[in-house]
Amino acid sequence: MLRLFGNPKTLCNGVTRRDLLHLGGLGAFGLTLPQAAGLQQAAGSEAAVVPKFGQAKSCILIYKYGSPPQHETFDPKPEAPAEIQGEMGAIPTCLPGVSIGDHLPKIAQIVDRLTVVRSLTHPYPLHGTVYATTGIPEVDTKIEAQPRHKRQWPFIGSLVDYFEDRRNGGRLPELPRNIALPFVMGSKTEYPPLAGPYGAMLGMRYDPVFTEFPAEGTTMAPEVRPGKAFKNPLLGIESTDKLQLAGPGIAHEDLPRFDLRRSLLDQFNVARRDLDAFERITTFDQQQEMAFSLLTSSRMHAALDYTREPQAVRDAYGMTLFGQSCLAARRLIEAGGKFVTVFWDAYGLNAGSWDTHHNHYGRLKEFLLPVFDQSFTALIRDLEDRGMLDETLVLVISEHGRTPEIDSKPRGAGRHHWSRAYSQVYAGGGMGCGNVVGRTDKHAGDVEEAPISPKDVLATAFHLLGIDPEGTFPDPEGRPMPLTGTGHLRAELLG
């Protein structure tokens, strides 16, 4: 590395003149002064003195597209009128005085390992995946369906990858730092994929490495809408069905075909002129290098292959695409992955997944809650049994909550979009244990205590991952952008 020696005089910001010259010289190697300053800021500011800074060495993000209801999950109101609480009740947990939805009996036994937040709130009752997973300050509906729009902000996993990349001098890791399962978000519905889980302003180099799931489901899921029922892999798969890397590629044992694949990849050089103006050419080169690395990586393929696990472990997670994806996430983290996202995405119809405008009770009782209850509990217990939970942050995130009042008109009833109050759950990596944060009114419709923004959750996650939440990243013109927009570290989440 280039290093210039000179007068070691210290400047008013604590950087020596010698270090300033050193930083300035890094531009020749692709690291600009603003980027280096941002890295320094991310690694060593006031956040470092707050407890648990950097305790999490990795993160598993579970994203529940469509948004679960607070009443039937982590903020039940059994004393509320039937038109509010509905036909599902509450059960006690292992924490005295704390109850959760009655269709989450397994999670009820591990609440002492979790942080439950009942006071999430924001002003946008829309499916704003970008808003939920990036620092963008407000929902921009004009670009929500444009993953490559230049105004999009980077996904939390992309920012983690970005800072790790700079800490490691741009060297490719043995395993991608930012991986997303089980398929490209939105790719299994009737609409094009939405924005959100992408590198955005940072460039395509920091997109997640997505997997694909080519098999079909084995089990008929409850209707999304009247007459709209189909087999959904999130409810059931064959034990031999596997995840694979998305896009053109080869299995690691099929190396004779590598030369053909490399030839095809080489042809992409012709497409350089078509890249967006804000994408650097180096981004393309680095993506290509990553592609070659993945094509020949036995470590990545082995970590994805959950069929190598003992049958008892697989059964504990559940033979569903969600359950086996959670198991794959644990395997990837154990193999050295940094940030793994499991998307519980819509399948077949965009208005599916946790978006229960129709058949609310049928989908919750027969599909959504039992599968989540089993798989999430298995993940937490498995991480704990392997001694990984203390250093693995687990986040469960969605766009919003659902209306306090039930709409009885749709068959099976429905709850609609609601963002004034909703619930989420987190674990490990420095999050508090047996921690219940916030309170809503008697209908779980408005926050009465400790309002928390989704940006605050991202800020707290960055803190636990050793990144200063008050830090910045560069936009395409090199201007500093706040990591979490208006978000702030919330110490009460840490217990």
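1. Thr392 is a convenient place to begin, since this residue is buried, with a relative accessible area of 2%. The model in which it sits is a predicted one. The residue belongs to strand β9, and, leaving aside residues up to four places away in sequence, Thr392 touches Ser58, Ile60, Ile333, Leu383, Ala427, Gly428 and Gly429. One of these contacts can also be described by its separation: Thr392 and Gly428 lie 36 residues apart in sequence, while their C-alpha atoms are 5.5 Å apart in space.

2. The strand that carries Thr392 is mostly covered, with 6 of the 6 residues of β9 buried. Thr392, Val394 and Val396 point one way from β9, whereas Leu393, Leu395 and Ile397 point the other way, and all of them are buried. On the β12 side, β9 and β12 run antiparallel and are joined by 3 bridges, with Leu395 standing opposite Tyr426 of β12.

3. Strand β9 (residues 392–397) also runs parallel to β1, to which 6 bridges join it. Within this pairing, Ser58 stands opposite Thr392, and the bridge partner of Cys59 in β9 is Leu393. Ser58 therefore appears both as the residue opposite Thr392 and among the residues that Thr392 touches.4. How many residues of strand β1 (residues 58–64) are buried? The count is 7 of 7, so β1 is largely enclosed by the rest of the structure. Both faces of the strand are covered, with Ser58, Ile60, Ile62 and Lys64 buried on one side and Cys59, Leu61 and Tyr63 buried on the other. Lys64 is thus listed with the buried residues of β1 although it carries a charged side chain by class.

5. Besides its pairing with β9, strand β1 pairs in the parallel sense with strand β8 (residues 339–344), over 6 bridges. In this register, Thr341 of β8 is the bridge partner of Leu61. Strand β8 also pairs with strand β5 (residues 178–181), again in the parallel sense, over 4 bridges, and here the bridge partner of Ile179 in β8 is Val340.

6. These pairings belong to an open sheet of 9 strands with mixed pairing, arranged in the order β7-β6-β5-β8-β1-β9-β12-β4-β13. The edges are occupied by β7 (244–245) and β13 (435–437), each of which has a single partner strand, so one side of each is left without a neighbour in the sheet.

7. Helix α12 lies across β1, β4 (114–120), β8, β9 and β12 (422–427), and runs at about 170 degrees to β9. Helix α13 (residues 454–464) packs on the sheet as well, touching β4, β9 and β12, and its direction makes about 170 degrees with that of β9.

8. Which residues of α13 are buried? They are Pro454, Lys455, Asp456, Val457, Leu458, Ala459, Thr460, Ala461, Phe462, His463 and Leu464, and the helix is accordingly described as mostly covered, with 11 of its 11 residues buried. The elements that cover these residues include β4, α5 (129–133), α6 (156–167), β9 and β12.

9. Helix α11 (residues 321–334) packs against helix α12 (residues 360–385) at an angle of about 15 degrees, and the two axes are 9 Å apart. That angle makes α11 roughly parallel to α12, and α11 passes α12 in a right-handed crossing. The residues that meet are Phe322, Gly323, Cys326, Leu327 and Arg330 from α11 and Val371, Phe372, Ser375, Leu379, Asp382 and Leu383 from α12. Sorted by class, this contact comprises 7 nonpolar, 2 polar and 2 charged residues. Leu383, which takes part in this helix contact, is also among the residues touched by Thr392.

10. For the chain as a whole, the model has 13 helices and 17 strands, and 57% of the 495 residues count as buried. Among contacts between residues at least 6 apart in sequence, 73% join residues at least 24 apart. The pair of Thr392 and Gly428, with their positions 36 residues apart in sequence numbering, is one example of a separation of that kind.

Note on methods:
Residues are numbered from 1 along each chain as its sequence is written. This is a predicted model: local features need pLDDT of at least 70, side-chain atom pairs count only at pLDDT 80 or more; totals for chains, interfaces and linings use all residues. Side-chain values use heavy atoms; hydrogens and water are left out. Axes are lines fitted to C-alpha atoms, for helices over the stretch in contact, and angles run from 0 to 180 degrees between N-to-C directions. Helices (H or I, at least four residues) and strands (E, at least two) are DSSP runs, numbered from the N terminus. Angles under 35 degrees count as roughly parallel, over 145 as roughly antiparallel, 65 to 115 as roughly perpendicular and the rest as oblique. A crossing is left-handed if the near helix is turned anticlockwise from the far one by less than a right angle, and right-handed if clockwise. Contact means heavy atoms within 4.5 Å. Buried means under 20% relative accessible area, exposed over 50%, partly exposed in between (1.4 Å probe, protein chains only). Two strands pair if DSSP finds at least two bridges between them.
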